[in-house]
Structures are given as structure tokens and as C-alpha cells.
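This report looks at aromatic pairs, charges over rings and the contact between two chains. Please keep the structure open while reading.

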Amino acid sequence: MLSVALSINAQQAPQHEYKPDGYKIITVETPKDVRFHVTGLDSDSAGVIWVATRFGEVWYLKQGQWSKFAEGLHEPTGLMVDDDGSILVAQKPELTRLIDTNNDNKADAYIPVANDWEFHDNYHEFTFGPVKDNAGNLFGTLNLSHNNPDAFTMGVMGSAGGNRGFAFKVDENGRYSPYAYGLRSPAGIGASPSGEIFFTDNQGDWVPTSKMHLLQKDKFYGHPVSLIEIDGFTKEKIKNLSLDTLAAMSEKPVVWIPHVEVANSPGNPEWNTTQGKFGPFEGQIFIGDQTQSNVFRVLLDQVNGKYQGAVINFMNRFQSGNVRAEFDVNGQLWIGQTARGWGAQGGKPFGLEKVVWDGTNPFELLDIKLTKTGFRLTYTDELDAASVKLDSLSAQSWHYLYSGNYGSPKKDLTQLSVSNITLSKDKKSIDIELPLMADKIVQIDFAGLKDINGRSVSVEKVYYTLNELIE
Amino acid sequence: MIKRFFIVALMLFTAVEVNSEELDETLIQSSTNPVVLQQGKVLFEQVCASCHNKDLSGASGFNLKDGEWVHGKRPSEILNNVKNGFMSAGMPGFADVFSEQQLRSIVSYVLSKREGWDDLQYKLYQLDNEHDQVVREDKLIKSGQLAKNLADFAIPEVQDYFIEFEGDFYAPKDKDAQLWLEWGAPHEMEVFINGKQVQRGGTPWFPTWRLKRGKQRLKLTYRSGNSKPGQRNLTVIATNLDMTIKLFAVSSRAKVIMDGKKFEIKATSDTIVLRKRIHKLPPLSISVGMPTKLNYAFNSKTCSINGLWQGDLLNIGPNISGRGEDPSLPLGEWVFKSPQGIKHATDAQQVCSYKGYQLVNSNPVFNYAIGDTNFSVTAIAKHSNKISFLFNSNNENKTATLRLPASENLIWSSENGKITADKAVITTNSKGSFELTASIEK
């Protein structure tokens, strides 16, 4: 009975508004009478904000004024300001460099950087990216198709070939190569400060809940239809692969992102490298969600040399669907939005907002790390020692079922008993002990904790993806 | 012979009616008369299309094809409104501009373009529970006429129900069409045409029902069953058979969606380059619209000119509304389209390499390479009947062969070589350039 009640509660988004103290959302005025669905977003070293819209235009915001830089593009869903100041934009059929050759502040050269994949005119065949690693290679991801009668499908999404469901690389010499496969709707890609590439994928067939992965060469990420382009596989052979075989072939995500509670359709991972301008969450990953109109954080951990980690909601009640996130040089978090075709909690069809911090130190979970016996949770402010007690916390665990079904409910949802809790000397961290099992998501609720000023957190649940225990 | 038929037709048409019912009948009769319709079409496109759009779908003026008639739907009322206008709404009266016969031809033309429901009625029955399938008169709780002539699936306010919509229905006369239900898998919708049930086709999630051409009696029924209450406001749209064009709304919810499927892009002062999915053109076709009302497409995969059409550029609405699953529609008449095109005759193994385009005073110059030869192509159209494609290459005084689209309406010419039925054998000049000009005959 308890497990039934838990599973019903499990799929609910937080009903309350959550935001850390000191943070607020500012709505940015966009050009009048322009369909400003922001699906590509970047900023340059001068603080100019660059936007690509689903309508097919590129605009920039400089000193409070919007100007149109390029137009006529095919539903771009990614934009990057390159080191030389030129703009790279990911159109459906092409990764394109936009250059202003005559210095009139408008692009006049539209040069293909890569178009080696196939685009079959299917609406779902988006191109996401690009991002650049520290060696100068560009990376992007290619969405599978939907409702394409010519595509090979084993559920909902399909591939008619041409590297659909792949990540790709374009090296410094402009050479294109397929890089990894098994992707579904990989709507967000990002480069970490050290140059590692991560991507998110959206919940659906063969993706039991949304997730974020480390992108690695020649790896398989779980959606089987792109295997048709891999040597040794045929459609028949792929269809006959057992779930266990496919699961064993698949990379584990760095984090699972619980459906509805945190995200349905996550966008790009964006690293906070603002050197404190955005408050205490330095070095952490921020991701917007298109459906929930929220922003959540990813807290990376490294266990046995591999990434895993946790997700935690950050702010909700944005005006539209959050698909793009970008920190500018002033430490503001810009959020690009669209809700066309895929609805969002925020009622507006499109827009641009930004999150700013006023210097107030909030009281929230700062970080979580796995220990041999449980977790160390670190907060942004000193904890009230009186609140550090066992009944201030609770925990549960579950896993997801990998299959061709559209998403998975929580499986084997189990209450975990927290057996010990210890406050650190600096009063900002607690160590908790609880039973640990690999390949589980562990949710820890800490609503009962208070800081020394009597504040409670605005977000009281963290979800840790426990791929591995510490060896 | 044609002229005589025309005179007879017009004589019939100007006979004096004693009352508005007779006038209604006369106008309905003439809405199937091709001579009258041709005259009405010409006049409509000259004077009415600027506000109501060439395809009657509405712009600053109302949509004249659908079932919603704000000022009266009877043919005699429409004629009266065309004569007297609504100056406060910006529509002049045309009584002093055209003859009675000309005005009637316009109304007949409008009537001939009618699509969707007319005289649409509904009946709502309350059922006992989600399993109840017995529809009896004593369960009828609501009925009436739907003034907007759209099946309104949001009418029921009870949990379990059966609703039926019935009325006259106008499908296209000149092409096959079907009803399409979006996300239809959980829904018990049934369709009856002229009293006979139509088989449900299409796919489970996107079922379809074939329509007859022209006017028919249509009934839709829907039982709520165990479908989710939030999903019962159904989207029903008339589409072409390959589903590439959504023609018009059949339900209220569909109307909202269809209104978003119109976003016309027209080159007025500058040339426009636009990359979208385009109906009847393959992927990777880049469209170019010129203010002289000529448009072409360059395909970046085949490095060919694979489409040419007169009129305006594109209605991109279908490609930018909802999820953008439908292609943009050219706003004019094709001169040629893929697989026809202007293409280099090359070895089968030789692939072209697209190098992008450069805008020169808004006009795109497309760059590509075939083997070791770099090419560029751009177009100049001084008016809507003539277009010149200017090619440039890094090969001076060399011979090249280009395949040309075969069309009786096209006359090709070039000062750089010889044109035969379907190809041009040209020699580049000392600067590596050559030109191909197409004159479009009416």
C-alpha cells in the first residue's frame, strides 16, 4: 500500500514556487512582433547576447538594443559564438558559419561547416549544438525522426539512416565524423571547463527518464534504432537483441533526471564559471527544462574514476519552456524559451528571461558526495545544530526499467532508513549513513533542516544517481 | 462555339428573379457553370484578392471559404453585401463598379470555393457511465445549430456522453481528401457520409476517413468512453491523401491550429533566401524569392536549380506552427519542379560539394564544386516571365553540359553555347562565365 502511495506521489512536480534567497527572474523584452522562440543562445566576451530563433533568424542584444544578424535559416536549435567572433548555427540540414564580410553588422556569407548527415525533412530531425572542446573540435547531436514512414523504428522514434541518433564531431580541419550513437532526442549539449562534452536526452521510448551523459567516442547510449548504421547489425538482428544485451551495451548516464519532478525535456548543460558572480553554486551545471519551465542543477561526483552525481531543482515558474541556458560575463543566467508544439508549464509561447543574484547568501543544498557509508551533504549556510537530527531527513530509492515503452515508472520504490547523522565542524555539512545499493536513484528529503538564521531550504529533495559504490 | 456558350450562360444568368429564394437558387446553379466561374475568378483576383487573398482564405478581409458568414450566408445576402459593402469595416460597395452580371459571377465563384460544414447541427446524449453504449432519445440532453459550422467537441459538460454532428459538407471538387484525427488512438469517433459508415483508415494514432468529392451529407459521432477528459476536444482536419497539406478545419479546436498555418512570405523590395521544408521539393532545397514575382530553389545536395515558380515565395505557416510537421507551400504556379531541374551532366560517381552562399545586395550567389571545378550561380529576373541564371567557374574557355527541365512553357537561350531539347552545351568565356536564360510562355 505504501509503495502504491509513493509511486503516485512520485510523478508529481513540486506544487510550490521554489527559488533560493537572493535570486530573481527578469523577463527580457524581445523584438516587437517577432516570433522569438529562443533555441540557440550564447554570449561573447563583451557581454553581447546572441540568439537563434526557431523561426530561422539570428539576433544580438547589445547595449539594450536588439539587431537582426541573419535570417532564412531552417529551424536552428543551437548557436555558438566562435573564437574569431563568427557565429556557428545548427540548422536542421547544416551546421553553418555566419560571417559579416562587409562589416555592416549583418551576415552575408552562410558557409556550411558540416552537412554530412542526412536530413529527410522530418519535423523531429533537429540538430543540436555546436560546442567546442579544448582541442578545437566541434560537437553536435542529431535527433531521431518521428512519424517518418521510411524510418526504422522500434517504438516511437526512428531513423532513416544518415547518422540520425548520433553525436558528431567536426575537427579543426573541418572533417566530419560520426562520434557516438544510440541517442534519442538529445536536446542539450555542453562542454565543461576542462573540455569534456556532456549531453542530455529526453524521456521516451528506450529512455525511461531524462538523463545526462558524458559523451565518449564510439559509445552506445541506449536507443537501438541507430544501430542500423553500425557494422555487424541488421534491422532483424537489432529487433532480436534482448533487453539485457542492449542494456549491457549501453552507457550509464551520469545522472538520471526524475520525470515530472525535475524535468521532462531538458536542454543544454551550462557550467557556472562566473567566479562567484552567480553566488555560491560555482562550477555547477545548470539546465533548463522545456516542459516544467524550471531550472535544475547537476552536482557532479566522481566515484572510482567515473562521473555520477545528483540533480536538484533550482528555480521554477519561468514564463515559457526553458530549452537554452547561458551564463554571460556579468554572471547572469540567460534562459531561452519556446513552447511551440511541446507545451510548457509557463503559459507564454516563447521568450527570453534571465536569473540574477543580488549578493544574498541563500540557504540551499550546495553539494552532495557519496561516502563509503552514505552521503555528505553540504549547505550554503551554517546549519542549526538543533535541526540536525534523524527525523529531519528521509530517503528512498528506486530504479527504472529500460525498454521500448515510453518512459518508465519508478521500480522497487523502497524507503531507506537513515541510521546516523553527523554535523561537521564548520556546521555546513552533514554526513548521513544509510543502506547503499548500486544502480539505484537515491532521493534524500531534508525539509526539516534549518540554518542558523532559522531559514528552511526552498528545494528539499535531491536525487543521486548511484551507479557505483566506492570501491 | 465557346463564345456562343458564354453568351447563353450569361443570358440565363441575368434573368430576373422575383424573390431572394429564386436569386439564391440562380446563384447556386451558376456556381457550377465554368464560364461564369472563370469570369468570377478573374474579377475576384483583380479586386477581392487583395483583402480576401487569392485562395479566399482571408487576409485583412474575412475567409470566404469557410462556414462562418458574419453578414449572412445566403447567396442573395452575399451579393447584396458585395454591392453595398461595409465602409466602416473598410470594404467598399461594388454596385457602381461592376455590372449586375459581373457581380453575380463573383458571388458564384465564391460559392464554388466553399469548404467544410454548412447547416451544422449537434445532438448531445448523456450516458450512464464510461461503458454505456446505448444511445436513446431519452438520453438527449442538448441539441442545436452551430453558427460557426465547426464541430465543437468542447460542448459537453457531463462526464460520459455521446455527441453527434451532422450537416452538409463541402470537400474539394478537384482533388481527393480525407478527414484526419490528431492523436486519435484512444477516441471512438465514427464517420458517416450520405448515411453510410466510412471505414477508419490511417494509423492508430492518426486515423483518417476518406471523403467524397464535392458536396455530401456528413455525420461525425463521438463517444467519450474511457478517454481522458482533458483530451476530448478533438482536432479534426481535412487533408490531402498523402497528408502533406492540411486543407481546412472541421472542428473548433482544429480552427485554432489551422489559423496558425498561414504565414506568407513575399519578396517585396529585396530578394529573400529561405530554408524550409517545401511541398514537392526534396530536402535541402533553398528557396529564393525575388520581388519580380519569380522564385526558384537551389538544392545544396545536388547543386542544381530544382524548382521555379511564378507568384509569391512561400506560406511557411504549416512549417512553423505546432511542431512544424507540414511543408511550406509555394504561393504561385510551378514552372518546373524536381526531379526536373538545371543540373550539371556529370559522371554518376561525381558528387558536388556545396560551399554556401554569399549575399550580394540581398541576392544569393550559391557556390559549389564539382571535381576540381568551382562554380557559382545566381539569378536575375527583371520580370515574372524571364529569368537568367549567371554561372561562373574557375575554368575559362571550357565546355560544359547542363541538363535542362523539359517544359513546353520554357524557351531557353544562351549566348555561350547550343541549346537542344533538354540540354545546354556551353563554353565558358574568358572569365569562366556563362549565362542561361529562360523565357516563360503563358
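## Chain contact

How many residues of chain B are in contact with chain A, and how many of chain A with chain B? The model is predicted. In it, 27 residues of chain B touch 26 residues of chain A. Interface size is often expressed as the accessible area lost when the parts come together. Here, about 2300 Å² is buried between chain B and chain A. Carbon and sulfur atoms give 50% of that area.

The rule finds 1 salt bridge across the interface of chain B and chain A. Arg275(B) and Glu94(A) form a salt bridge through their side chains, at 3.1 Å from N to O. Polar contacts across the interface come to 11 residue pairs, both residues at pLDDT 80 or more. On the side of chain B that touches chain A, the elements giving two or more residues are strand 13 (272-275), helix 7 (317-320) and strand 18 (352-360). Strand 18 of chain B gives the most, with 6 residues.

## Aromatic pairs

Over all chains, the whole structure holds 56 aromatic pairs. One of them joins Phe278(A) and Phe314(A). Their ring centres are 6.0 Å apart and their planes meet at 40°. Why is this pair tilted? The angle of 40° is neither under 30 degrees, as stacked requires, nor over 60, as edge-to-face requires, so the pair counts as tilted.

The two residues are 36 apart, and the pair links distant parts of the chain. Phe278(A) lies in the loop between strand 21 (270-271) and strand 22 (285-289) of chain A, while Phe314(A) belongs to strand 24 (residues 306-315). Phe278(A) is buried, at 0% relative accessible area. Phe314(A) is buried too, at 1%. Ring pairs join both to a cluster with Tyr23(A), Phe281(A), Phe286(A), Phe327(A) and Trp357(A).

In chain B, Trp183(B) and Trp205(B) form an edge-to-face pair. The centres are 6.2 Å apart, with 75° between the planes. Trp183(B) sits in the loop between strand 4 (178-181) and strand 5 (188-193) of chain B. Trp205(B) sits in the loop between strand 7 (201-202) and strand 8 (207-210), so the pair ties together parts 22 residues apart in sequence. Are these residues buried or exposed? Trp183(B) is partly exposed, at 37% relative accessibility. Trp205(B) is partly exposed, at 45%.

## Charges over rings

Two lysines complete the picture. Lys410(A) places its charged end over the ring of Trp398(A), 3.8 Å from the ring centre. Lys219(B) lies over the face of Phe192(B), 5.1 Å from the ring centre.

Conventions: Residues numbered from 1 in each chain as written. Chains lettered and ligands numbered in written order. Predicted model: local features only at pLDDT ≥ 70, side-chain atom pairs only at ≥ 80, totals over all residues. Heavy atoms only, no water. Phe/Tyr/Trp six-rings, centres within 6.5 Å; stacked < 30°, edge-to-face > 60°. Helix = DSSP H or I, 4+ residues; strand = E, 2+ residues; numbered from the N terminus. Buried < 20%, exposed > 50% of the residue type's maximum accessible area, 1.4 Å probe, protein only. Lys NZ or Arg CZ within 6 Å of the ring centre and 35° of its normal. Contact = heavy atoms within 4.5 Å. Buried area = accessible area lost by both parts, 1.4 Å probe. Salt bridge = Lys/Arg side-chain N within 4 Å of Asp/Glu carboxyl O. Polar contact = N/O pair within 3.5 Å; in protein donor to acceptor, adjacent residues only side chain to side chain.
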